[in-house]
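Biologist: I've got a two-chain structure open on my screen and I'm not sure where to start. Could you walk me through it?

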Amino acid sequence: MLMHPVLKLIAQRLALGLLLLFAASVLIFAGTSILPGDVAQSILGQSATPEALANMRRELGLNDPALTRYFAWLGGVLQGDLGTALTNGRDIAESLGGRLKNTLFLAFWAAAISVPLAIFLGLLAVRYKDRWPDKLISAVTLTTISIPEFMIGYVLIYWIAIKWRLFPSVAIINDSMSLGEKLNAIAIPVMVLTLVVLAHMMRMTRAAILNVMQSAYIETAELKGLGMLKIIRKHAFPNAIAPIVNVVMLNLAYLVVGVVVVEVVFAYPGMGQYLVDHVSKRDVPVVQASGLIFAAVYIGLNLVADIVSILANPRLRHPK
Amino acid sequence: MTEPLLKVRGLKIGAIAYPPGERPVAIKIVHGVDFDLEAGKVLGLIGESGAGKSTIGLSAMAYGRGGVEITGGEVWVNGRDILKENLRSLRRLRGAEVTYVSQSAAASFNPAKKIMDQVTEAAIYQNKFSKSEAEERAVELFRKLGLPDPENIGNRYPHQVSGGQLQRCMTALALCPEPDLVVFDEPTTALDVTTQIDVLAAIKEAIAATGVAALYITHDLAVVAQVSDHIMVLQQGKMVEYGTTDQIINAPQEEYTKALVSVRSIRHEEKTPTDTPVLRVENITARYSGTTFDVLKKINVDIHPGQTLAVVGESGSGKSTLARVITGLLPPSDGQITFDGRQLAPALASRPIDDLREMQMIYQMADTAMNPRQTVGTIIGRPLEFYFGLKGKAKQKRIQELLDEIELGDGFQDRYPAELSGGQKQRVCIARALAAKPKLIICDEVTSALDPLVADGILKLLLNLQKIEDVAYLFITHDLATVKAIADSIAVMYQGEVVRYGSKSQVLSPPFDDYTDLLLSSVPEMKIGWLEETIEHRRMESAGN
């Protein structure tokens with residue numbers, strides 16, 4: 001049967017994404033397997049007897065060959081069973097689920113503010129190219145991306161939380177809080193994340209649109225008497241979507257997988273902190289599960305960027 | 001007498017140039033030009049590149065492309081000096097009173113929007129028509145311009161129609177808001193010759209039907225003779241001559257105009273084929289990897305020593321692919337090539353160095369074929385070192401000889417490509433090819449990017465060098481006038497096949513096959529009324545069938 005070429009391309013991308021995820025799972029498992037140190041030893045402590053250690057290893061299945069352990073693990077993951085944490089014996093899927101929800105909550109609000117703001121500032125910078133608004137936007141966003149995020153975090157805590165007392169400095173949330181209370185709690189971390197990701201997206205938007213503005217069809221629009229903002233919105237932006245979506249997705253991925261530092265600064269109960277805790281305790285199943293989820297988020301978002309790029313191309317959407 | 005629609009007085013236009021490694025300098029592009037254009041008339045602006053044609057055309061919309069700026073003079077449109085107006089009122093002029101048709105419709109249409117939306121955009125935005133009125137008008141224009149399926153073609157995207165169709169859509173775009181004046185900027189230059197004639201006829205009919213005035217910009221005098229009432233000849237930003245089309249074509253006064261009218265007056269007697277060809281192409285079939293479509297189908301041609309085979313055809317006919325196969329860049333899927341009595345290896349990498357030396361290439365874009373950071377001496381000297389191991393004085397002497405042969409004097413050795421004109425760059429490329437002492441030079445559209453007079457000079461040089469060096473040319477071109485000027489034998493290509501092949505006199509004399517007939521009769525002649533005659537002739541022929 002003849003498939004629409006766009007559907008075929010998207011199906012290819014999805015298949016490639018799955019393959020990539022599978023490869024990532026292999027890497028994660030191999031990486032955690034060759035880590036130095038002995039889980040049994042770290043659970044039982046230095047004073048454990050050799051018999052106790054051997055028992056523990058058998059119990060944890062550490063004596064099985066790596067391939068057997070990998071497929072046992074992968075089979076569990078595919079059925080939604082991420083295993084149990086070695087350190088406290090709790091179900092990983094359960095404790096990770098809550099953490100993931102918190103991380104996504106923070107990432108969502110940071111994205112909801114930073115993405116429209118970055119694109120708007122990018123358009124504004126193009127409209128006033130090489131004049132003071134463009135230079136001001138560039139200077140401010142470059143400054144915020146150059147300062148380490150923990151530094152921005154502490155500066156904002158000092159002014160907003162301590163001096164002006166507008167929002168709390170610690171972003172602890174739980175399920176019993178209302179949406180308003182939660183938003184109040186994460187206000188400062190959202191600001192920090194926004195400042196960190198803004199510059200990259202804004203500058204890419206600016207560059208992508210300026211690139212399109214060199215095209216002959218922009219001159220055609222100018223010679224129709226259209227105003228600058230209308231030209232940017234109607235003729236330039238639709239042709240600049242693909243590169244913009246790409247950089248937006250990269251930054252969204254960062255908001256999910258790269259916010260460990262911000263979570264630590266604000267004591268936010270997200271995935272990053274959870275992962276760091278368990279790495280230091282050598283809790284391998286938790287590290288594997290977190291790694292796999294991060295990989296899935298990263299691959300998934302980039303897949304979305306690819307698909308949007310395909311859909312944004314009129315030549316692929318409307319073949320001859 | 002009523003006020004003309006467009007009145008230009010003392011127009012001066014300048015720009016800022018950025019020469020490499022030097023401070024920016026202000027240059028003058030147009031030095032004081034005056035002309036009038038009455039409502040409903042067509043004025044042709046003609047000249048070579050750099051004459052300021054497009055710049056003058058765009059000044060009717062008070063628009064400067066890139067860093068171009070109108071520095072003085074007056075441009076009156078409908079009784080207002082538009083150079084004194086601010087951007088806000090200029091935006092009501094552009095797209096409403098004056099509209100523009102560019103050379104490349106393919107680049108001038110937004111790829112992400114439907115044709116209809118773009119054609120009607122200005123008319124709706126300028127409040128000339130409501131959306132439904134504008135769309136009705138667009139369909140009417142599509143019909144007038146002879147586009148297929150005029151009711152629905154607007155729903156397509158630009159990439160879904162052909163180049164010639166898109167150029168007509170661009171004309172519809174310009175005519176849709178009912179302007180008083182349309183600036184046509186080389187609207188048929190980028191088209192194949194068989195497409196050009198139809199688009200030209202469509203534009204001419206649309207101008208007549210709507211009664212719009214037009215500035216028609218082109219470098220091709222034969223084309224402008226078909227559409228305009230008056231012609232202004234420009235050279236380096238100055239007016240050389242102005243007159244009725246009849247006077248300019250049939251009784252030019254100025255030397256420069258005479259040269260333009262009589263361009264391509266090269267006479268070349270065809271030579272008789274020798275017994276042994278220097279290159280024999282037998283049954284060549286080729287396709288690009290990963291495709292199932294044969295770009296070349298069973299090609300058979302010969303090139304004789306010291307003679308020229310012209311390969312002519314439209315874009316996509318396989319001309320350049322044939323060159324790629326002969327040079328070994330694209331190994332053929334079938335057939336063989338014999339060069340100077342020995343069989344050539346299919347792939348470039350497996351050919352001995354002498355095979356490479358004896359076959360050289362010259363390209364269309366001399367600009368991109370040279371390293372911009374090397375001097376002319378280094379560029380020409382490279383094949384001397386590489387093939388002959390020349391060094392020091394011997395090399396210098398040979399470089400000087402080659403420069404003399406291409407008629408560039410002393411002092412060119414130390415220049416960089418950016419410091420040369422288009423024609424000079426192509427000459428350097430010719431010298432580089434000659435330096436290898438080849439038996440065959442493949443010339444791929446070498447004069448297509450050049451102005452007619454400069455191209456003429458290059459062709460004369462190539463013919464002259466052929467006499468001295470006894471080198472054979474495989475000359476790829478889409479331009480039949482060039483073919484007539486230099487070929488000894490001709491191969492006409494169409495969709496990957498050679499449809500007609502033989503000596504020049506055989507190929508160019510009747511009876512013709514259908515395609516060669518179409519190709520030959522589509523070349524504009526420097527004769528008023530040629531367009532109507534040809535179109536009428538074709539109508540009668542098709543009615544007769």
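What follows is a chat in questions and answers about this predicted model.

Biologist: Let's begin with chain A. How many helices and how many strands does chain A have?

Modeller: Read chain A from the N terminus and you meet one α after another, with the pattern α-α-α-α-α-α-α-α-α-α-α-α-α-α. The C-alpha trace spans about 85 × 65 × 35 Å along its principal axes. The tally for chain A is 14 helices and zero strands.

Biologist: What share of the residues of chain A count as buried?

Modeller: A residue needs 20 or more other C-beta atoms within 10 Å of its own to be called buried. Chain A has 320 residues, and the share that counts as buried is 33%.

Biologist: Is A296(A) buried, partly exposed or exposed?

Modeller: A296(A) sits in helix α13 (residues 284–312) of chain A. Its C-alpha is 8.7 Å from that of A24(A), although the two are 272 residues apart in sequence. Buried takes 20 or more C-beta neighbours and exposed takes 12 or fewer. A296(A) has 15 inside 10 Å, so it counts as partly exposed.

Biologist: Now the place where the chains touch. Which helix gives the largest share of chain A's side of the contact?

Modeller: The contact takes 16 residues from chain A and 23 residues from chain B. On chain A's side, α9 (216–223), α10 (228–257) and α14 (314–317) each supply at least two residues. By class, that side has six nonpolar, seven polar and three charged residues. The largest share, four residues, comes from α9(A).

Biologist: Over to chain B. How far apart are the end C-alpha atoms of helix α5 (residues 131–144) of chain B, and what span should we expect?

Modeller: Helix α5(B) has 14 residues, and the rule is 1.5 Å a residue, which gives an expected span of 20 Å. Just after α5(B), G146(B) takes a positive phi of about 70°. The end C-alpha atoms agree with the expected span, as they are 20 Å apart.

Biologist: Within what arc do the buried residues of α5(B) fall?

Modeller: An α-helix has 3.6 residues a turn, so residues three or four places apart point the same way. In α5(B), the buried residues are A134(B), R137(B), A138(B), L141(B) and F142(B). What covers them includes α4 (115–125) and α6 (163–175) of chain B. Seen down the axis, they line one face of the helix, because they fall within an arc of 145°.

Biologist: Which helix supplies the largest share of the largest nonpolar core?

Modeller: That core has 153 residues, and among those touching the most other members are M61(B), A172(B) and C176(B). Leaving out residues up to four places away in sequence, A172(B) touches V119(B), A138(B), L141(B), F142(B) and L145(B). Another core, of 73 residues, lies apart from it, with L474(B) and V507(B) among its members. The largest share of the 153-residue core, 17 residues, comes from helix α8 (residues 179–213) of chain A.

Biologist: One last stop, S333(B). Which residues does S333(B) touch, not counting those up to four places away in sequence?

Modeller: S333(B) lies in the loop between α11 (319–327) and β14 (334–339) of chain B. It is partly exposed, with 15 other C-beta atoms within 10 Å. The C-alpha atoms of S333(B) and T285(B) are separated by 5.7 Å, yet these residues are 48 apart along the chain. The residues S333(B) touches are T285(B), A286(B) and R287(B).

Note on methods
Residues numbered from 1 in each chain as written. Chains lettered and ligands numbered in written order. Predicted model: local features only at pLDDT ≥ 70, side-chain atom pairs only at ≥ 80, totals over all residues. Contact = placed C-beta atoms within 7 Å. Nonpolar A, V, L, I, M, F, W, Y, C, P; charged D, E, K, R; others polar. Expected span 1.5 Å × (residues − 1). Arc of directions from axis to C-beta. Core = buried A, V, L, I, M, F, W, Y, C linked by C-beta atoms within 7 Å.
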